[in-house]
Amino acid sequence: MGKVFLSHSSKDKEFVKIVADLLGKNKSIYDEYYFEKGEKTLKQIFEALDSTDIFVYFISENSLNADWVKLEINRAKELLDYQKIKRIFPIIIDENITHSDPRIANFLKDGFESYNIQRVISPQIAYRKILQQLSKIELDNDSEFFERKDYFYGRDNEIKRFKSYYDDPTNSFEVKAMIVSGISGIGRKEYIKKSLTETKIIPSYYSPIIISLSKYSNIEDLIIHLSNVGFGSYTISSISDIKTMEEKINILTDLINIIQKYREIVIIEDDECIINASGDISYWFYNALNKSEKGFSIAIVSNINIEKFQQKKYPEIFFENLLELEASDIIGVIRTYSKKVGVDISKEDAIFLLGSLSGYPPQIIFCVDKIEEYGIDYVKNHTYEIASMPERTSAKILDSISEQYESKEFYGLLALIAKIELVPMSLINKIFKSNKIYQNIFIDLKKFSICYFVGATREYIKINSFIQSYISRNKFSIPKDISDILNNEINQFNNTLKSDFDENMVDISEFKFFLKSNLSNGIEAASNFMYSTIIVQTIIELYHNMKYNKVIDITKDIKSNDRYNYFDDSVKNTIQRYYCQSLIKNHDPDFDVEVEYFFDKKLWNDYDFLKGFNFRNRGAYEKARDKFLKVLERIKNHYAAKRELVNAYISLQDYDSALLYAESNYKHNRDNIFSLQTYFECLLEQKKLDERQEKDLSEMKQSLINAQRIKPSSLYYQLMAQYKALKENNYPEAIKILDKGLKIYEKDMYLLRVKFDIYRRKNDISKMESTLKELNTATAELEYKGVFFTRQAILDLMKGKSKDSVRNYLSLNGDYSNEYIENLIKKYSK
């Protein structure tokens, strides 16, 4: 790793010496290590600078007035221009200095990466930030690694709206924040910077600090992240000790005031933390913002569209929903971006391409890049490639990039980034060093905006939230070589906890990952750092990995801890929701007691959903159906209720009722394989499909083929067998597909269920009997064997057994309603 020159005033030695000691003599060029005491000369400084990789400039009142420091920074600039120094990294260590101080050299304010001047209040945090910069320069040899500055053009009307609102003389308030919504890639962050620049809130050279909040983050995370980028001193342990929400809101207010004081801007990438799925703003955020002093400080980007009436409800916040670019702006982007990359595109050709462009900025950039690579004639003859780009699902996008890589490595790297959420450069550099192919994969992912940099100095790598959801839902695994690196990091972390542990020495993102790993694995190390977000995220991950016993154990343990009493109600509700769902999955009778939590709090949607979820898992499908419909009467777009309602209808073999909801779920999220499955099955059960449905079925079939190539699963064999049997009426081929799947996934309950159902359609009693025996074995260890019980009843009816015996059998083996039992008897009895 390279050398670091620590440029500072001798009056700041107390701060800088700690940094130097942490870096060590081999890495740092520091007065006490490098120069004889009292004998520092200009020649020696220049010689030292010649062997420097990173020049760290500690900005303070003292250093701004120090002649030696001025000489050092001027020489460093010369060496940077000649590419002798790889990076200048300025950090402010004086609370009385802002980035706009006129004494700070102008060239330090012009850069996109290195010169985004960072405020740091702790030597330990400064040390971590310097290490991240060292990791960056190790990757500098690959010119493609770093992002080119995001391209922006147009949005004149939207910018004018912000300027008008901000400067409106009739306003009795001052605008403190803005929320910009729209799909990823639409240009939200670029619009924010352009609007703030044109309104003279920030100078053109300034790059706002970017932090990220995930869906199950909370106020504690925002406080910790703002502290981590230099506005406070709160750590995970200190924030965990704060008991009331009022105290936390006051802390957040103080941090916002500090941001305003230093004339900084923080952009928050929000994934349903501050703005929930319904478009409501978190009460704690608005309360903190409302209590803060006058001044603009926060901008939020969100995927959630905010309704216009919210502007009146929250006047201090400006709202903008970015849509696709208009035709004139599309032409403008083609003209200016093509000039930037050195491609000649005539206005006639640009107008021709206009018909294939939707106004989605990445699509326009994609189009020009295609022209740069293949030429204008190729693109004009293949406009369908351009037109289809915005409609690609996550699976299709990843599939198109992954072709040249091993699936295990490609999806393994994505699995890592999705799991950690914010991957620090120091960790990603270790992974790239272990296998060069990971760096090549990342470069391609970045080209398609799947991964990008965030942080005060872009020191973290983040994944697009839609892709993250797709990767997590499909449970792609982290490969062994990366797992070995992670396990080593976790072991080192746990070992440091046994000695004198300093939180500031551990990157906040890695720290949270280590804590979640310990909690998941039942390791008690660092239990005093377990704040609410760590617990919630761990419980959710364990639930989705079907580790229901662990969810139950952790929840019981947390509830017995005094800290639980100080959790925010929203956090308690989430924990209780997953606790109840885990009890349902385990058929634990404690559910009937625990679900009353929601009844007592009058949280009717949660209460009815969980009751319905329990009914469905017990086989009481009509009761489940009624509960889910009750939820949807209140919230028509309650996607979990719609998903479970479809499952209840399918269990009742009411495919006509299921179809409408199944289609809605699939169209809402085409990447969700379970939504695809139910819509696919519902279409196969229809006697006749219209043109649109035929197109959907064909699209889903291709998606299944693509998904199977990426991550094989038994679901592929289930659905392809059903397609052969019901769509093509080729029952022998359907059985062959299932048998092929069963060779790979032995005793798979779902494959055997489909196999039984196909034999049932052919009235093949003998094959039904043999398949049912296999199904009985496959479900032997399940608490509830509804999939077996119902098929045993169907077989008995088709063999001529009495209706009373079947009624008795089902009554003894499930919570089936009389309506369900009678419908089954009516359909299958001889």
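In what order do the 5 strands of the open sheet stand? The order is S2-S1-S3-S4-S5, and the pairing is parallel. The views below are taken from a predicted model.

**View 1. The parallel sheet of 5 strands and its edges.**
Strand S2 (28-29) and strand S5 (118-119) are the edge strands, and each pairs on one side only. Strand S4, made of residues 87-92, is joined to S5 by 2 bridges, and the two run parallel. Across this pairing, Ile 91 stands opposite Gln 118 in S5.

**View 2. The antiparallel sheet S11-S13-S12.**
This open sheet has 3 strands, with antiparallel pairing. S11 and S12 each have a single partner strand and stand at the edges, so one side of each is left without a neighbour in the sheet. On average, neighbouring strands are turned by 35° against each other, direction ignored. Helix H21 (residues 425-434) packs on the sheet and touches S11, S12 and S13. The direction of H21 makes about 75° with that of S11.

**View 3. Bridges and side chains of strand S13 (residues 460-463).**
Strands of a sheet pair through backbone hydrogen bonds, either parallel or antiparallel. S13 is joined to strand S11 (residues 422-424) by 3 bridges and to strand S12 (residues 451-454) by 4 bridges. S13 runs antiparallel to S11, and S12 and S13 also run antiparallel. Tyr 460 is the bridge partner of Pro 424 and the bridge partner of Val 454. Cys 451 has Ile 463 in S13 as its bridge partner.
In a regular strand the side chains alternate between the two faces of the sheet. In S13, Tyr 460 and Lys 462 point one way, Ile 461 and Ile 463 point the other way, and all are buried.

**View 4. Two cysteines, Cys 273 and Cys 451.**
Are these residues buried or exposed? Cys 273 has a relative accessibility of 10% and therefore counts as buried, the cut-off being under 20%. Cys 451 has 0% relative accessibility, so this residue counts as buried too. The count of disulfides in the model comes to 0.

**View 5. The crossing of helices H20 and H23.**
The axes of helix H20 (residues 407-420) and helix H23 (residues 465-473) come within 9 Å and cross at roughly 110°. H20 is therefore roughly perpendicular to H23. The residues of this contact divide into 6 nonpolar, 2 polar and no charged. From H20, the residues are Tyr 411, Leu 414, Ala 415 and Ala 418. They meet Ile 467, Gln 468, Ile 471 and Ser 472 in H23.
The buried residues of H23 include Ile 467, Gln 468 and Ile 471, and also Ser 465, Tyr 470 and Arg 473. Just after H23, Lys 475 takes a positive phi of about 55°.

**View 6. Surroundings of Asn 228 in helix H9 (residues 219-231).**
Asn 228 has a relative accessible area of 8% and is buried. Which residues does Asn 228 touch, not counting those up to four places away in sequence? They are Ile 125, Arg 128, Lys 129, Tyr 460 and Ile 508. Tyr 460 is a residue of strand S13.

**View 7. Surroundings of Leu 742 in helix H38 (residues 731-744).**
Leu 742 is buried, and its relative accessible area is 12%. Leaving aside neighbours within four places in sequence, Leu 742 is in contact with Lys 747, Asp 748, Leu 751, Leu 752 and Lys 755. Thr 678 is 64 residues apart from Leu 742 in sequence, and the two are 21 Å apart in space, C-alpha to C-alpha.

**View 8. Positive phi in two loop residues, Arg 155 and Glu 272.**
Arg 155 is found in the loop between helix H6 (123-138) and helix H7 (156-167). Although Arg 155 is not a glycine, its phi is positive, at about 65°. Arg 155 is buried, with a relative accessible area of 2%.
Glu 272 lies in the loop between strand S8 (266-270) and helix H12 (283-291). The phi of Glu 272 is near 65°, a positive value in a residue other than glycine. At 24% relative accessibility, Glu 272 counts as partly exposed.

Notes
Residues numbered from 1 in each chain as written. Predicted model: local features only at pLDDT ≥ 70, side-chain atom pairs only at ≥ 80, totals over all residues. Heavy atoms only, no water. Pairing = 2+ DSSP bridges. Buried < 20%, exposed > 50% of the residue type's maximum accessible area, 1.4 Å probe, protein only. Contact = heavy atoms within 4.5 Å. Disulfide = S-S within 2.5 Å. Axes fitted to C-alpha atoms, helices over the stretch in contact; angles between N-to-C directions. Parallel < 35°, antiparallel > 145°, perpendicular 65-115°, else oblique. Nonpolar A, V, L, I, M, F, W, Y, C, P; charged D, E, K, R; others polar.
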